[in-house]
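I wanted to go through one stretch of sheet and the cysteines around it. These are my notes, in the order I looked things up.

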Amino acid sequence: QLQLVESGGGLVQPGGSLRLSCTASGFTLDSYAIGWFRQAPGKEREGVSCIGSSGGSTNYADSVKGRFTISRDNTKKTVYLQMNSLKPEDTAVYYCAARWGLVSVQAMCATKYFGSWGQGTQVTVSS
């Protein structure tokens with residue numbers, strides 16, 4: 001059974017950095033695209049960044065381009081989201097999810113294309 005576990009969230013000051021991890025169990029990560037999504041209170045869940053199964057395709061929401069970097073280490077069954085220059089508007093619960101066999105994530109980094117959601121990790125950006 002596919003399972004994803006997020007970690008690395010916390011409280012950080014504006015301008016600070018965090019690295020989130022999404023670790024898989026129950027399956028090998030190699031054939032799966034992984035997406036990072038977030039949901040702020042009162043808002044819909046939105047796509048933040050996705051990475052294709054081979055790692056050669058990435059996609060970022062406009063709001064995080066230039067600040068966030070997604071990467072994957074299949075040997076560790078983990079996908080990372082490095083978040084720099086954090087802003088209060090980045091505050092949300094961050095989730096990761098998987099999609100089998102998706103090589104290119106262009107125009108595909110949306111909740112409807114992904115499943116096997118993790119439980120989420122809270123990120124709070126505040127002074």
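**Starting from Cys 50**

I began with Cys 50, which is buried, at a relative accessible area of 0%. I keep in mind that this is a predicted model.

Where does Cys 50 sit, and where is Cys 109? I checked the bond before the location: a disulfide joins Cys 50 to Cys 109, with 2.0 Å from S to S. The pair links distant parts of the chain, since Cys 50 is in strand β5 and Cys 109 is in the loop between β9 and β10, 59 residues apart. I get a torsion of about 80 degrees about the S-S bond of Cys 50 and Cys 109, so I noted this disulfide as right-handed. Cys 109 comes out at 14% relative accessibility, so I put it down as buried, the cut-off being under 20%.

**The other cysteines**

How many disulfides are there? I count two. Besides the one above, Cys 22 and Cys 96 form a disulfide, with their sulfur atoms 2.1 Å apart. Cys 22 lies in strand β3 and Cys 96 in strand β9, so this bond ties together parts that are 74 residues apart in sequence. Its S-S torsion is about 80 degrees, so the bond between Cys 22 and Cys 96 is right-handed. I found both Cys 22 and Cys 96 buried. With the bonded cysteines numbered in sequence order, I wrote the pairing down as 1-3, 2-4.

**Strands around β5**

Next I looked at what β5 pairs with. On one side, β5 (residues 46-51) runs antiparallel to β4 (residues 32-39), and five bridges join them. I picked out Phe 37, which stands opposite Gly 47 in β5. The two strands form a hairpin with six residues between them, and Gly 42 in the turn has a positive phi of about 80 degrees.

β5 also pairs with β6 (residues 58-60), in the antiparallel sense over three bridges. Here I noted Thr 58 in β6 as the bridge partner of Ile 51. The hairpin of β5 and β6 has six residues between the strands, and Gly 55 takes a positive phi near 85 degrees.

**Ser 49**

Last, I checked Ser 49, which lies in β5. Is Ser 49 buried or exposed? It counts as buried, at 0% relative accessibility. I see its side chain reaching the backbone oxygen of Asn 59 at 3.0 Å. Leaving aside neighbours within four places in sequence, I list the contacts of Ser 49 as including Trp 36, Tyr 60, Leu 81 and Cys 109.

Conventions: Residues are numbered from 1 along each chain as its sequence is written. This is a predicted model: local features need pLDDT of at least 70, side-chain atom pairs count only at pLDDT 80 or more; totals for chains, interfaces and linings use all residues. Side-chain values use heavy atoms; hydrogens and water are left out. Two strands pair if DSSP finds at least two bridges between them. Helices (H or I, at least four residues) and strands (E, at least two) are DSSP runs, numbered from the N terminus. Buried means under 20% relative accessible area, exposed over 50%, partly exposed in between (1.4 Å probe, protein chains only). A polar contact is a pair of N or O atoms within 3.5 Å; within protein, one must be able to donate a hydrogen and the other to accept it, and residues adjacent in sequence count only if both atoms are side-chain atoms. Contact means heavy atoms within 4.5 Å. A disulfide is a pair of cysteine sulfur atoms within 2.5 Å.
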